[in-house]
Amino acid sequence: MKTDKEYFTNLFVLLGYPNVNNPKLLINKIIEKINEITPYGDDFCLEYLRQILKSAIRSKLPLLENNVEGELIDNYSDLYAQSIYSFPNSHHKFDHEYNIEPFLANNPIYVNDKLVDYIFDDSKHSRLLQLSDLTVGILRHWMSFLEKNSESKISDILNSLSSNQETNIRKLQQVMNNSLSESQGFKIGSGSNTFENKVSDFLTYKF
């Protein structure tokens, strides 16, 4: 799926995403993609997956159904709430999200029986929110870079940086390491040991 996101995105839309209205079609399409990647079955893991999928055609898979087509999440208020729960002692200021604010207003957040305060503001008038947006954008690109490259590839890329690139990446590394003394936030929830190793390798890389 990582190597051909557009193919699978179109497939899930065809199937009524997030529902799977035609499990047999889903299975056959995945098998077709596996056949393209390894037509002779010489990749053990993919061949094993192909055989499992073939047998699954005859059984009823526990797939999503009876959801609103084209809508995976009806609102993102839980993401905001999670930030507040994760850092209850912080002062939280969010950019205005008018679809989200009523959900949070109707569900006050308490930590240790204490109401946690937060505010919404217009980023056009808040330098801190603008800086936050910039920081999140940098982190998103950084995580995408780590995710799509192997550890050896990342090392090769870092070894081949120009002088200006190295200076900028070193500054990013320094900011991240300094932030760890305050919070492990950007390292939380990465989801895999491989990704965690990439993060650690980057943070300890000697330029």
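The side chains of Glu47 and Arg50 meet in a salt bridge, with N and O 2.2 Å apart. A salt bridge here is a side-chain nitrogen of Lys or Arg within 4 Å of a carboxyl oxygen of Asp or Glu. Both residues sit in helix H3, and being three residues apart there, they are separated by about one helical turn. Helices (H or I, at least four residues) and strands (E, at least two) are DSSP runs, numbered from the N terminus. Glu47 is partly exposed, because its relative accessible area is 21%. Arg50 is buried, at 6%. Buried means under 20% relative accessible area, exposed means over 50%, and partly exposed lies in between (1.4 Å probe, protein chains only).

This is a predicted model: local features need pLDDT of at least 70, side-chain atom pairs count only at pLDDT 80 or more, and totals for chains, interfaces and linings use all residues. Residues are numbered from 1 along each chain as its sequence is written, and side-chain values use heavy atoms, with hydrogens and water left out.

**Salt bridges around Lys33**

By the rule above, the count comes to six salt bridges. Side chains of opposite charge can pair when their charged atoms come close. Lys33 lies in helix H2, residues 23-37. At 11% relative accessibility, Lys33 counts as buried. Its side chain meets that of Asp4 in a salt bridge of 3.0 Å, N to O. This pair links distant parts of the chain: Lys33 is in helix H2, Asp4 in the segment before helix H1 (5-14), and their positions lie 29 residues apart in the numbering. Asp4 is partly exposed, as its relative accessible area is 26%.

Lys33 also forms a salt bridge with Glu36, the closest N and O atoms being 3.3 Å apart. Lys33 and Glu36 are three residues apart in helix H2, so about one helical turn separates them. Glu36 is exposed, with a relative accessible area of 56%. Asp4, Lys33 and Glu36 are thus linked in a network of salt bridges.

Three of the pairs are set out here.

| Pair | N to O distance |
|---|---|
| Glu47 and Arg50 | 2.2 Å |
| Lys33 and Asp4 | 3.0 Å |
| Lys33 and Glu36 | 3.3 Å |

What else does Lys33 touch? Leaving aside neighbours within four places in sequence, Lys33 is in contact (heavy atoms within 4.5 Å) with Asp4, Tyr7 and Phe8. Glu32 lies in helix H2 too. Glu32 is partly exposed, with a relative accessible area of 39%. The C-alpha atoms of Glu32 and Leu139 are separated by 35 Å, and the two residues are 107 apart along the chain.

**Cores**

A nonpolar core is a set of buried Ala, Val, Leu, Ile, Met, Phe, Trp, Tyr and Cys residues joined through side-chain atoms within 4.5 Å. The largest one has 13 residues. Trp142, Leu146, Leu158, Val199, Phe202 and Leu203 touch the most other members. Helix H6 (127-148), helix H7 (151-159), helix H8 (163-180) and helix H9 (193-204) each supply at least two residues of this core. The largest share, four residues, comes from H9. A second, separate core of ten residues includes Tyr80, Ala81, Ile100 and Leu104.

Ala81 is found in helix H4. Ala81 is buried, with a relative accessible area of 11%. Not counting residues up to four places away in sequence, Ala81 touches Leu104 and Ile109. The C-alpha atoms of Ala81 and Val136 are separated by 17 Å, with their places 55 residues apart along the chain.

**Helix H6**

The buried residues of H6 are Leu129, Gly137, Trp142, Phe145 and Leu146. These pack against strand S1 (92-95), strand S4 (118-121), H7, H8 and H9. How far apart are the end C-alpha atoms of H6? They are 32 Å apart, which agrees with the 32 Å that its 22 residues should span at 1.5 Å a residue. The expected span is 1.5 Å times one less than the number of residues.

**A nonpolar surface patch**

Tyr17, Leu72, Ile73, Tyr76 and Leu79 make a nonpolar surface patch of about 500 Å². Patches are made of residues with over 30% relative accessible area and no salt bridge; like charges are joined within 9 Å, nonpolar side chains (Val, Leu, Ile, Met, Phe, Trp, Tyr) within 5 Å. Accessible areas come from the Shrake-Rupley method with a 1.4 Å probe, and for residues only the protein chains shown count as cover. Ile73 is placed in the loop between helix H3 (44-56) and helix H4 (77-86). At 41% relative accessibility, Ile73 counts as partly exposed.
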